[in-house]
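User: I would like to go through this model term by term, with each label set against its cut-off.

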Amino acid sequence: MTMTAKERAQRTARDGDALRAGEAAAKGLREALARVGVIIPSLTGGFPVNGSGRVELGGCNAGTATRLAEVLNAAADALPQLRATTK
């Protein structure tokens, strides 16, 4: 089925909104991580998938991954409501 011009415009607008949402989420995560000394240089907003904004976490070195795990574990220890239940 072919999209009409109006449908294409709506999809483009939704994708633009989702892209901006992904970029904003990546910026917020980057800033939060920086507060605890974790820098992931490749963290960025990604292209929308199914109309949802995405964040590309990318890669980091082992030291950064270890620091991120330490920070997350400390947060889970300090704030029990953050802990996920595992079975």
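User: Which residues does T64 touch, not counting residues up to four places away in sequence, and what makes them contacts?

Analyst: This is a predicted model, in which local features need pLDDT of at least 70 and side-chain atom pairs count only at pLDDT 80 or more, while totals for chains, interfaces and linings use all residues. Residues are numbered from 1 along each chain as its sequence is written, and side-chain values use heavy atoms, with hydrogens and water left out. Leaving aside residues up to four places away in sequence, T64 touches V38, I39 and I40; contact means heavy atoms within 4.5 Å.

User: Why is T64 called buried?

Analyst: Buried means under 20% relative accessible area, exposed over 50% and partly exposed in between, with a 1.4 Å probe and protein chains only. T64, found in helix α2, has 16% relative accessibility and therefore counts as buried.

User: How do you know that the length of helix α1 agrees with its number of residues?

Analyst: Helices (H or I, at least four residues) and strands (E, at least two) are DSSP runs, numbered from the N terminus. The expected span of a helix is 1.5 Å times one less than its number of residues, so the 31 residues of α1 (residues 5–35) should span 45 Å, and the end C-alpha atoms of α1 are indeed 45 Å apart. Within α1, the buried residues are G16, A18, G22, A26 and L33, and these pack against β1 (44–49), β2 (52–56) and α2 (62–78).

User: What makes A26, L33, V38, I40, L43 and V71 a nonpolar core?

Analyst: A nonpolar core is a set of buried Ala, Val, Leu, Ile, Met, Phe, Trp, Tyr and Cys residues joined through side-chain atoms within 4.5 Å, and these 6 residues form the largest such core. One of them, I40, touches L33, L57, G59, C60, T64 and L68, not counting residues up to four places away in sequence.

User: What makes β1 and β2 a pair?

Analyst: Two strands pair if DSSP finds at least two bridges between them, and β1 and β2 have 4, in the antiparallel sense. The two strands form a hairpin with 2 residues between them, and V49 stands opposite S52 in β2.

User: Why is the protein chain called more spread out than a compact globule?

Analyst: The elements run α-β-β-α from the N terminus on. The radius of gyration, taken over C-alpha atoms, is set against a globule rule of 2.2 Å times the number of residues to the power 0.38; the chain has 18 Å, well over the 12 Å given for 87 residues, so it is more spread out than a compact globule.
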